[in-house]
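The exercises below ask the reader to work through the contacts of a structure step by step. Please try each task on the displayed model before reading its solution.

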Amino acid sequence: MKRLLEVKDLTMEFRQRSKTLIAANHISYYLEEGEIVAFVGESGSGKSVTQYSGLQLVPCPPGHVAGGEIWFQGENILSYGPGSEKLRQIRGGQIGVIFQEPMTSLNPVMTIGKQMAESICLHLKMSKKEARQRAEELLEKVGIPDAKERLKAYPHQLSGGMRQRVMIAMALSCNPKVLIADEATTALDVTTQAQILELMKNIVKETGTTLVIVTHNLSLVARYADRVYVMYAGEIVEAGTTDEIFYHASHPYTIGLLKAIPSLSAPREQKLVPISGNVGNLADRGQNCMFLPRCPYASKECESKGTPQPAPVGDSDTHIRACHRTLTREVLEKEQPAPQALLRTKKQGDAQENQVLLQVEDLSVTFPIYSGVFRKKIGEVSAVNHVSFQLHRGETFGLVGESGCGKSTVARAIMRLEETASGKILFDGTDITHRKEKELYPVRRNMAMIFQDPYGSLDPRQRVGDAVMEPLVNFKLGYSKKELDHRVDELFDLVGLDGTCRYRLPHEFSGGQRQRIVIARALAANPSMIICDEAISALDVSIQAQVINLLEELKERLGMAYLFIAHDLSVVRHISDRIAVMYLGQIVETGGWKELYGNPRHPYTQALLDSVPTPNPEYERNRSAHKISGEVPSPMNRPDGCAFCTRCPKASEKCRIKMPAMEQVGENHQAACFFL
Amino acid sequence: MEVQKGKQHTTAKRMQEFAGVFFSRKLVIFGFIIIVAMILLALLVPVLSPYDPNLSSLKEVLRHPDISHWLGTDDLGRDVLTRILYGTRVSLLVGLASTLVAGVLGMALGLIAGYMEGIVDSVIMRIMDAMLAVPIVILALFLGSALGKGLGNIIFCIGISMIPRYARVTRGSVLSVKKLDYITAGRIYGASRFQIAVKHILKNCLSSNLVMMTMNLGDAILTEASLSYLAMGINPPTASWGGMVSNGYEWLSMNPCVAIAPGIFIVLTVWAFNVCGDALRDVLDPKLKGTL
Amino acid sequence: MGRYIVKRVAQSVIVLLIVTLLIFLVMHSIPGNPIRLYLGDGATTEQIEYYTEVFGFDQPVLVQYVKWLRGIVTGEWGRSICFATDITTLLPDRIVATLSVTIPSLVISVILGVLLGIIAAVKRNGWIDSLVSGCANIGMATPAFWLAILFVYILALKCKLLPVQGYTPLTEDFTLGVRKLVMPVLVLSLGSIAYYARQTRSAMLEVINQDFIRTARSKGLKERTIMLVHALHNALIPLVTVLGMSIGNLLGGTVLVEQVFCIPGIGSLLLTAILNVDYILVQDIILIMSLFALGSNLIVDILYGYIDPRIRVK
């Protein structure tokens, strides 16, 4: 195949006041015609910057190309002046980009049609009318119903998934040779993500466009990519065909990444193997391999031989790697740290016999809708609809579902942050459903919560030590000043942080460290239950594994129960004993992890599991295309009957009228569907 | 002990970073020097100037600038420079005090409105809207006419008329801070409503208000000058910049310095506060860029 | 959109009512009897009582308020004590005088301010930007009355280009009227130009950093199209709000400018009224001023609805 685009020795710098960050360090790669190439790396790995530098989309200043060439169709496109005619021909005309944030990447004050027609008129030299015609065709192609009507819509009238489809249509509108999808599906739900990826794959295969998928999610690319580049700290550390990367990974970072991901097929009895530490400072690269401080295979020679250069692996002409050591299978097996067994002393069986800690009965939560000058209440939206479950002492109960399914509202209702419309919440035998804020004190000291955003859950102006101390002081647990100090040290120690950093402010910590501080605060008053609301989803893969392990170790030592709320099914499977699946405010299926993942009965659970990517190209290739279509309806117009009936492949007339009740489908396994 | 050291170290480092960003533009250094100079001059005038600011000397009426009177004399033979420097005291005092009044009251109202929401919020904010509907100078003028002239009253009037902006900004940031997880965390971990409002919410609104107060200092000084110009501010013979300009206007053709020199001091001072306010915003709250 | 407008109008009316009530309450807490002031020291107790009754000052404050409000609606704006005429006959000429300064100034400052702001934002960090930003900073620090005096000194006294002060209605003598208006309009505009330029610049810079501008660049659009079509339209949204809020301050500025240039507008009328504790006149003038401010705010809000589809289309 012909090389369509070739990047040679690209270096990209960010010049700041006092220091220079090297975001991309001597990067070389190529794209071939019609292939799907993935760039995988954690945040700060330089994967996006690398893609943007050719199109000069990195804001300058501070961004600055310090060296290298990008050859595209016989010309070095880096030599084009900023804003030059030639550069603009390439942008949109030859290379299209789909950005991460569908919510902010479209101009909010312009109609979809106008935004699409703009580039069509420019690059394809069409008239306005022809351009609208083409825009309409494209919208149909990306699966937007009522394309003609949609042309007149503004971005805020469309859902996130729809906006991302519009972005795809826009990027494709001028028949580009290369399509760059920069984290294009990251902000979307797992079922929507699968739909969008499938759509992109089909379109590029049909048109012969080269697709570049930039993502942090290694599993995601197993199904779609032909070749994969793994990036770390602004460098390409390994590259190869998808099989080479997933089955014959030979760079310690790639190996580490693959091990750090919990997967639907991995044995659950092993701890995840996180990559220790954090990404090094890009401003201070030093002379050595950037991965050295985190590398489990590091040897003496790594410290003296400078930065490793990419070199071919074996006799493959696609597989390259930048490492001083030759990590053959034998070396790997010898030096590999043996996976630690995950002790789960509280077996599933025990948990059930154990005492019920939290009982949620028939819980409903509604939000009022106001309108008019006097904010009159005109209706209600029900966010949570008759949800019941139990959490036993020392158990981990997983609550999964897509965004807007009400899983976080359940958590907030349990914490009494949201008023309950009907139903009951019993914690440790006491009914707390309608307790007054003041009377909640004794209950709340036994509950704690960890939030999704490690940046928002700590007061930016409170020293972290004081934050951790807060529950101890507020709940009047009778600690003296000295005991308080001691306890804070103990808590910092528990979560693996140094007690001396207690006087620092949150912004001085990385995301993973902040989440550790939040965990320390949650542990402070020795709660019997901790609610983890998407506690790890904002973290990078390698850090995610560290935090999951920490949570598991803590549970082992301290014996509290977790209500683990997440959208990532693989993580939930790894950590939970029992799991409930929520859809549009209702629990549709619940059961032990083995039953639920081994034998999903509800069509929604099946669809969800079907959409989850696995880091296994072989398996992914043989998996059929995803069946689920459509999007989650808004809770404002919840369908009558079964909530899932609008998207369910099995739905019949009965489903549209009547709501199915929960039925026992096996020991420790229930589902709500007429077709069980 | 070691821990204590770590605490000091981080504070020192933070101060250094702060100064680095604050003074990153050369103009800010200039503005900062002006402010410091103004304060020093205001404090030291009695020592620096041989003249009495209010003692008229009919022999030396409307003299042009020369060695003994650097900026000349006014219609009553008083040294213009001396009076300007005494005027610095009035301007700085009124500026600082009225901004403080506005900031404290506005913040309190904004905090209450944003934190309570509902009817309390509506009542407070509608009153703020009503006050905003009347131009600041007019409002201060109007309040001044009700209260009478004098230093204390002027401070109060200007302070009251500037309350709405603080109330609005504070309410806005309270509403956005309230949604953040750490407020929820505070509730979960047993903090009382009052504790949350003061410890978590107010503390985090403080920096944007501090920035706004610095930026408004100039406005307050301008308003005082305007009121004094309209003879609705500081009572003569006390020297105030606005009053001096007004007085000098009558003698413009005979000695322009009397009217024009005090104005230059107004421009310099207000400009210096504005520039420092901008710089402070860049340091404390880069997000506010553009909103203030 | 219709609902939005109705909502905005209703809100403005409520705010206006609060404004009048507040003015009324403050005005009536003023120490000093306007009748005594009006009649002078030689007045007898009977005279004072008689006039107090004529003006209705003996009634409870709230009753006076309702009466006054009813008068406003029915067109009986009351009687000025110090001018001894009906306020309705006093006002029209004064308003025309004030508007002939403020309207040209508003137009000039919006056009120039926004234009300069855009140029500064597009050429950010260049010398034009430094110049515009620097001048804007100085412009915002300059008191209008002082600038007016400076102009008078340079343009009128030294260069003898324009008349020093005064006001001639444009209908009477157009050229002279215009010549007399040049300085007041310029003085009133400069501060606003500086303010709008600053606001426009920061609104534009805010927008330029947003994701959809990057999208527009990635489509290969010309930089000029991106700035003038994509960025400006979005920058207008915060800008229009700022504009609505600042029109009131333009009216505040007129008080000073009218004073310097001896223009018989409502600003100088207000000063006279305040000095003479002419209750009703003060109330009426402040009512008119806030009516203008709220009215322009309302227009701006409706404009806002047209600019931002997120408000227009749900």
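**Exercise 1. Find the partner of Glu437(A) in a salt bridge, and place that pair within the interface of chain A and chain B.**

Step 1. Glu437(A) pairs with Arg187(B), and their closest N and O atoms lie 3.3 Å apart, which satisfies the salt-bridge rule (a side-chain nitrogen of Lys or Arg within 4 Å of a carboxyl oxygen of Asp or Glu). The model is a predicted one, in which local features need pLDDT of at least 70 and side-chain atom pairs count only at pLDDT 80 or more, whereas totals for chains, interfaces and linings use all residues. Residues are numbered from 1 along each chain as its sequence is written, chains are lettered from A and ligands numbered from 1 in the order in which they are written, and side-chain values use heavy atoms, with hydrogens and water left out.

Step 2. Across the interface of chain A and chain B the rule finds 2 salt bridges, and there are also 12 residue pairs in polar contact, both residues being at pLDDT 80 or more. A polar contact here is a pair of N or O atoms within 3.5 Å; within protein, one must be able to donate a hydrogen and the other to accept it, and residues adjacent in sequence count only if both atoms are side-chain atoms.

Step 3. Chain A brings 33 residues and chain B 26 residues to the contact, where contact means heavy atoms within 4.5 Å. About 2,600 Å² is buried between the two chains, with carbon and sulfur atoms giving 52% of it; this buried area is the accessible area (1.4 Å probe) that two parts lose on being put together, summed over both. On the chain A side, Asp459(A), Arg461(A) and Tyr503(A) lose the most area to chain B, together 23% of what that side buries.

**Exercise 2. Which side chains meet in a salt bridge between chain C and chain B, and what surrounds them in the interface?**

Step 1. The count between these chains is 1 salt bridge, in which Arg198(C) meets Asp278(B) at 3.0 Å, N to O.

Step 2. Across the interface of chain C and chain B there are 4 residue pairs in polar contact, both at pLDDT 80 or more.

Step 3. The contact takes 47 residues from chain C and 46 residues from chain B, and the two chains bury about 3,800 Å² between them, 79% of it on carbon and sulfur atoms. In chain C, Phe145(C), Trp146(C) and Ile149(C) lose the most area to chain B, together 16% of what that side buries.

**Exercise 3. Is Thr420(A) buried or exposed, and where is its place in chain A?**

Step 1. Thr420(A) has a relative accessible area of 8% and is therefore buried, since buried means under 20% relative accessible area, exposed over 50%, and partly exposed in between (1.4 Å probe, protein chains only).

Step 2. Thr420(A) sits in the loop between helix 14 (407-414) and strand 16 (422-427) of chain A; helices (H or I, at least four residues) and strands (E, at least two) are DSSP runs, numbered from the N terminus.

Step 3. Leaving aside neighbours within four places in sequence, Thr420(A) is in contact with residues including Leu363(A), Thr433(A) and His434(A).
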